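User: I would like a close look at one part of this model. Please take me through a single helix, its surroundings, and the contacts between the chains.

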Amino acid sequence: MQTDVSYLASVPGGSSLFWRRLKRNRLALVGGGILTFFLLTAAGAPLLAPADPLVQDLYHRLSPPSYEHPFGTDDFGRDVLSRVIYGSRISLRIGVVAVLIALVVGSSIGLVAGYWGGKIDQVLMRIMDLLLAFPSILLAIGIVAVLGPGLENAMLAIGTVAVPQYARLVRGSVLTIREQEYVAAARALGAGDVRIVLYAVLPNCLTPLIVQSTLGLATAILDAAGLSFLGLGAQPPLPEWGAMLNGGRELVLSAPWVLTFPGLAIFLNVLAFNLLGDGLRDALDPRS
Amino acid sequence: MRAFILKRLLLLFPTLLGIVALVFLMIHLVPGDPAQVMLGERASAKTLEALRQQLGLDQPLHIQFAKYVGDLVQGDLGRSIKSREKISRELLDRFPATMELTLVAMLFALVLGLAAGVLSATRRGTLLDYLGMTASLAGVSMPIFWLGLMMIVVMSMVLGLFPVSGRLSAHTVLPHASGFYLLDSLLAFDLRAFADVLWHLVLPGLTLGTVPAAVIARMTRSSMLEVLKEDYIRTAWAKGLSERAVVFRHALKNAFIPILTVISLQFGYLLGGAVITETIFAWPGVGRWLLLAVNARDFRAVQGGVLLVATTFVLVNLVADLLYAWLDPRIKYEAEEA
Amino acid sequence: MLPRLVMFLVLVLAFGCGQQQSSTLVFGRGGDSVGLDPALETDGESFKVCDNIYETLVTFKPENTEVVPGLAESWTVSKDRMTYTFQLRKGVKFHDGTDFEASDVVFSLARQFKPDHPFHEVEGAYQYWNSMSMSDIVKDVRGIDLHTVAIDLKRPNAPFLSNLAMNFCAIVSPEAVSKYGADYPRHPVGTGPFRFVRWIKDDRVTLERNDTYWGTGPAIERLIFKSIPENMARLIALRQGEIDGMDNLVPDFVADIEAHSDLKLLSQAGMNVGYLAMNNDRPPFDNVKVRRALNHAINKKSLVDNLYQGLAIPAVNPIPPTLWGYHDGIEGYAYEPAVARQLLAEAGFPNGFETTLWAMPVPRPYMPQPLKIAQAIQADLKAVGVNAKIVSFEWGTYLDKVSRGQHDMALLGWTGDNGDPDNFLYVLLDKSATAHPANNIAFYRSDPLHGLLLKAQHEVDIEIRTDLYKQAQEIVHRDAPWVPLVHASQTAAFRKHVSGFALHPTGSKWFHGVSIDAR
């Protein structure tokens, strides 16, 4: 995951090169397209969803896809299409919050560790290594076990688990840049540490961070759905995709649409993030 | 080489200690009083106090930690609240089930992943490459629980090819020796049981191993592509070596190191993903037990389970690191110079 | 050790020839047993297995709750109805080879109430004994001679003989209890038609035919209880022949089972009740208006039609209509959300309130899918302004926590054990059942009710008792500590080649009359 991108800062027109290469990658564009679609769906959920995702209609439960209910109804007579549409909001929210937590906390740790070095660096990185010694899903489950099941706790858990990756990435960038001439120049001119960090160091980490975040969103959504599937994340009646799969477990033969569509939604979403992330990374890679 | 092994082994202890410390701290992150959470508001002050004493919560933190480590060294992980059994006993009973599943899944992931990756790299740009990479991209994006359920639908219910859950058919009798049923059935010379065990391992193994297979395939491809560009490969071609010799004896061996990183990381994924897979397939392993413990708010049990899995992961990484040294002479020399 | 080894080798060889399969019966259930000491456990999964390992002094007829001889061949009751003397069967042996004698009966019962009995203080309490207030009823158990036992009561108790047929009064082997101590629930030893072989937690319990059984031995060689928590997986296992029978069918599956000619469905009106208990100790459930409001808010008919597929009837009273003493004159709280909202407003909650709704994740005879019921109820409650968060725990933990009153509202149920209304009303709703571990999880305390129930226990005349129980039901209806939800049909499904199994109103699963026809 670590890409040395410091060269971009020194190559004139480096950024536009990056964007040009990205645009040429068709798969990445497809991913971007799917994502845009999901974002629009999430934003326009109240307009797009034909029904209230929470209203039950028990006498019409488990109806197959029809004109009224294009994705059928679930175990409680709720419209699956509406639930999938609203579910996109929840999934995106979880993903964004979790990645933000990891990004902010991780970057801060990485910055501090990389810039100040010495004992602080060692201690911080040891802690990061410790977190990485755990399989990530396991750690997330452990955190949720302690805090209690729920959407917020799941977000916190997934975010926490991802912190080390961002910390390492930022630290790596910082270490490379720290020795650059313009930093020394800036310091000679009397610029304070904070200024240097904000204006010189951070912007150079930006592109790898974007790549990492995009791929991280894929993992976050997947993990959140997994936790909800286990009953540890989103609680009923929230229309979260993983929770919907959990509820549909027994209906696998009798009403497969309850499982298919939410599962497909997760899959496409994650796929899109992966495509985009891959494309971003390839566009950054100096070797190809 | 020996110095490297020693150095690496020594690194093990602070890591393990760190894991123990983190797991130990878990119970202190519980909002509120853990004893109260476990027993509820109606619990009398006496029972609360008794549990607190049993958990050692009334002592200062460092003494609690010392006691925790002391107990651990003796193999005492406490008792499960719901079953009243020793946690170490329960984990030991279930550990072989999880390990057997994980190893089978890893085997599948390795075979499929390496094969697909090598094929893609050597047939770069062809339809095969494109298919392979699309499949692995799909694999990496696949929610494991969806995959498991779909497997059950298609393979078990529609096609009736594989059993839906469990490690054994109810009719099969196996003497409980190691707990690794594949091994046990062979030791008992019971081929029918062996087949039965294998049959039950297929779906969960495939489910668990798909994502790692995809990740390994991708890494193998990119690593192989790197290596295939190298000069010594061109020399090998020029010398007229067969494709098999070039690819396997030279390229793959040198491409293997980054792949090894991915493999050992994927082991972590397998251990974590086992929780979901075991739940779907009613597999009596540590993962499913852990989930039940979480639902029961049995913190001691959760601690024990997390500790076991994390330790396993650390040990696997250790083995991977040692394999590194064996594969890459440079690491050996670096370590010896240090 | 050696005979075991030989037996195993023979089994393996025989198995290799594929013949043993026909005499093993595998029964699939939704959860694992909690423990196998019949006096310590309260859940159906534990009792299912205990039913086949242990025996009681008296037992029920296969088709109803009429009491017939068990380990006791005959008995006499003293004129004042305070002493029951039992003549025990001779020549009965425990699974560990020891003889069955009067002292074993004394041990099995005395340990539950004599404070100085060496096995009185165990891990866990004798829950049934306590919740049925047996210590207030039983004065002493004494062995008269090798095969005669007398039980002295403190007061006449009409259901007493029926109570002796219940699991908690099963006779255990004192030698085994002494040997294993706190570990005994994992090593049960009884006198029943099957002996315990092995228990792989969360997977299966294996029993084998007891060749030294005093009666007609079972036709099947091995009986295995397999835990398959996933309802769909259990059904598939039945369809594929991996298991030979299962219970607690998900109503949605019934049509599927009936469509398969190699499966047969057994169904019977259940002697059970599924209910939503409101924790009367916690506001706002201490307010009767709130409780009545919730009774009006829940659409029971919809639950029965949709989530039970008609395999249940809406409940009005805590006891099922199949039980004598049922008050059919009581009209239940109708489904009227508007009335509910009004009552809530009167109680001071015009905008509703937040609360928790507990549900268990395992299928029960009275509720095959509690989490689904919970979600449907959650929606009904939301419609009147009550926002309930669904909380769930693993079954053993769930029972433990609700018995400690950690819930606001909880789903639970009860299958009658002995065909007496006392078994429902006293155990579940009397104020004495609120002591830990409580069976009265509504923590409902009513002195008038208590008086009525005690009186009914003392009475012999069934007409007087009926009248007393009717009055009791009126009180319960007025106070509405629960929302009684349903009385569910009992169901089981077997593969066609299994014969001789009969559903029993108490939910007991006896397998000694079951045989497997050649496939």
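The helix in question is α12 of chain B, and the answer starts there before moving outward.

User: Which residues of α12(B) are buried, and what do they pack against? Then put the helix in the setting of its chain and the interfaces.

Analyst: A word of caution comes first: this is a predicted model.

Start with the helix. α12(B) is mostly covered, with eight of its ten residues buried. The run opens with B:Val286, B:Gly287, B:Arg288, B:Trp289, B:Leu290 and B:Leu291, which are buried. B:Ala293 and B:Val294 are buried as well. An arginine, B:Arg288, is thus on the buried list beside a tryptophan, B:Trp289.

Now the packing partners. Within chain B, the buried residues pack against α5 (87-122), α11 and α13. They also pack against a helix of another chain, α7 (136-147) of chain A. Just after α12(B) comes a backbone detail: B:Arg297 takes a positive phi of about 55 degrees.

Next, the chain around the helix. Chain B has 14 helices and zero strands. Its pattern along the sequence is α-α-α-α-α-α-α-α-α-α-α-α-α-α. The C-alpha atoms fill a box of roughly 80 × 60 × 40 Å along the principal axes. Of the 338 residues in chain B, 53% count as buried. Take the contacts in chain B between residues at least 6 apart in sequence: 73% of them join residues at least 24 apart. On the outside, chain B exposes about 15,100 Å², and carbon and sulfur atoms supply 67% of that area.

The partner helix in chain A leads to the interface. Here 44 residues of chain B are in contact with 38 residues of chain A. The area buried between the two chains is about 3,500 Å². Carbon and sulfur atoms give 82% of it. The rule finds one salt bridge across this interface. B:Arg218 forms it with A:Asp278, the closest N and O atoms being 2.9 Å apart. Three residue pairs are in polar contact between these chains, counting pairs with both residues at pLDDT 80 or more.

Which elements of chain B build its side of this interface? At least two residues each come from α1 (2-26), α6 (127-141), α7 (144-158), α9 (191-228), α11 (243-280), α12 (286-295) and α13 (299-327). So the helix we began with, α12(B), is on that list. The largest share, nine residues, comes from α11(B). By class, this side of chain B has 33 nonpolar, eight polar and three charged residues.

Chain A also meets chain C. There, 21 residues of chain C are in contact with 18 residues of chain A. The two chains bury about 1,700 Å² between them, 48% of it on carbon and sulfur atoms. C:Met232, C:Lys372 and C:Gln375 supply 30% of the area that chain C buries against chain A, more than any other three residues. The rule finds two salt bridges across this interface. One of them joins the side chains of C:Asp252 and A:Arg61, at 3.0 Å from N to O. The count of polar contacts is eight residue pairs, both residues at pLDDT 80 or more. Elements giving two or more residues to this side of chain C are α8 (231-240), α9 (251-259), α11 (300-307), α13 (370-383) and β16 (386-392). The largest share, six residues, comes from α13(C). This side of chain C divides into six nonpolar, seven polar and eight charged residues.

Methods:
Residues are numbered from 1 along each chain as its sequence is written. Chains are lettered from A and ligands numbered from 1 in the order in which they are written. This is a predicted model: local features need pLDDT of at least 70, side-chain atom pairs count only at pLDDT 80 or more; totals for chains, interfaces and linings use all residues. Side-chain values use heavy atoms; hydrogens and water are left out. Contact means heavy atoms within 4.5 Å. Buried area is the accessible area (1.4 Å probe) that two parts lose on being put together, summed over both. A salt bridge is a side-chain nitrogen of Lys or Arg within 4 Å of a carboxyl oxygen of Asp or Glu. A polar contact is a pair of N or O atoms within 3.5 Å; within protein, one must be able to donate a hydrogen and the other to accept it, and residues adjacent in sequence count only if both atoms are side-chain atoms. Helices (H or I, at least four residues) and strands (E, at least two) are DSSP runs, numbered from the N terminus. Ala, Val, Leu, Ile, Met, Phe, Trp, Tyr, Cys and Pro count as nonpolar, Asp, Glu, Lys and Arg as charged, and the others, Gly among them, as polar. Buried means under 20% relative accessible area, exposed over 50%, partly exposed in between (1.4 Å probe, protein chains only). Accessible areas come from the Shrake-Rupley method with a 1.4 Å probe; for residues, only the protein chains shown count as cover.
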